[in-house]
Amino acid sequence: MSRTFPSLKPSRRSFKLGTFPTRTYRSLAGTTVKRSFGNRPFGYELRLSFANITDAVLTEILDHYTDTSGGFTRFTLPSAIFAGMDATSRAYVQSPGGIRWEYTGPPQVESVYRGISTVSIDLAGEMNV
């Protein structure tokens with residue numbers, strides 16, 4: 001079991017809703033047919049940025065990345081990550097079944113000052129079945 005993601009409020013957050021598994025077929029005559037291959041979206045994307053954090057908090061984030069084998073193990077995010085979103089918006093991100101997240105790459109760290117950094121994290125999510 002992996003370590004829990006640190007309960008931090010991000011400075012910046014961008015979210016892309018998942019898409020439904022469909023395929024569009026187009027004939028030579030120009031007609032199109034869509035076929036659905038499921039009823040759950042996939043491919044959620046979340047970009048988090050934590051500005052001006054201390055080295056201790058940075059270490060927590062980097063430890064979590066290491067504990068999840070650099071994106072191999074999926075995890076859930078604490079509600080603090082979505083602080084500031086209203087209940088309607090939060091329902092998309094924290095669905096009843098839950099979204100399991102994984103890193104799409106290593107955290108990007110920018111040193112601001114001695115002991116202070118800004119970290120950006122890119123995550124991909126899938127519905128928990």
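Glu102 is partly exposed in this predicted model, with a relative accessible area of 22%. Since buried means under 20%, that value puts Glu102 in the partly exposed class. Its carboxylate pairs up with Arg74 in a salt bridge, where the closest N and O atoms sit 2.8 Å apart. The two partners come from distant parts of the chain, 28 residues apart: Glu102 belongs to strand E5, while Arg74 is in the loop between H1 and helix H2 (87-93). Arg74 also counts as partly exposed, because its relative accessibility is 37%.

The salt bridge count comes to 3, and the other two both involve strand E4. In one of them, the side chains of Asp122 and Arg47 meet with an N to O distance of 2.5 Å. Asp122 is in strand E7 and Arg47 in strand E4, so this pair ties together parts that are 75 residues apart in sequence. Asp122 has a relative accessible area of 26%, which makes it partly exposed, and Arg47 lands in that class too, at 34%. The remaining bridge joins Lys16 to Glu45, at 3.8 Å from N to O. Here Lys16 sits in strand E1 (residues 12-16) and Glu45 in strand E4, so the link spans parts 29 residues apart in sequence. Lys16 is partly exposed at 45% relative accessible area, and Glu45 is likewise partly exposed, at 41%.

Next up is helix H1, which runs over residues 55-67. Its 13 residues reach 18 Å from the first C-alpha to the last, close to the 18 Å expected at 1.5 Å a residue. The buried residues in H1 are Val57, Leu58, Ile61, His64 and Tyr65. They cover an arc of only 125° around the axis, so they end up on the same side of H1. On the face turned away from that buried side, H1 carries the exposed residues Ala56 and Thr66. As for what covers the buried residues of H1, the list includes four strands: E4 (42-54), E5 (99-103), E6 (108-113) and E7 (116-127). Two of these strands, E4 and E7, also supply the partners of the Arg47 and Asp122 salt bridge, and E5 is home to Glu102. After H1 comes Ser69, which has a positive phi, near 55°.

Strand E7 also holds Thr118. This residue counts as buried, because its relative accessibility is 16%. Leaving out residues up to four places away in sequence, Thr118 touches Ser49, Phe50, Ala51 and Asn52, along with Gln108, Val109, Glu110 and Val112. With Gln108, which is 10 residues away along the chain, the separation between C-alpha atoms is 8.2 Å.

Finally, there is a nonpolar patch on the surface, formed by Tyr25, Val33 and Phe37. Together these three side chains' residues offer about 300 Å² of accessible area. Tyr25 is placed in strand E2 (residues 22-26). It counts as partly exposed, because its relative accessibility is 38%. Residues need over 30% to be part of such a patch, so Tyr25, at 38%, satisfies that requirement.

Definitions and conventions. Residues are numbered from 1 along each chain as its sequence is written. This is a predicted model: local features need pLDDT of at least 70, side-chain atom pairs count only at pLDDT 80 or more; totals for chains, interfaces and linings use all residues. Side-chain values use heavy atoms; hydrogens and water are left out. Patches are made of residues with over 30% relative accessible area and no salt bridge: like charges are joined within 9 Å, nonpolar side chains (Val, Leu, Ile, Met, Phe, Trp, Tyr) within 5 Å. Accessible areas come from the Shrake-Rupley method with a 1.4 Å probe; for residues, only the protein chains shown count as cover. A salt bridge is a side-chain nitrogen of Lys or Arg within 4 Å of a carboxyl oxygen of Asp or Glu. Buried means under 20% relative accessible area, exposed over 50%, partly exposed in between (1.4 Å probe, protein chains only). The expected span of a helix is 1.5 Å times one less than its number of residues. The arc is that of the directions from the helix axis to the C-beta atoms. Contact means heavy atoms within 4.5 Å.
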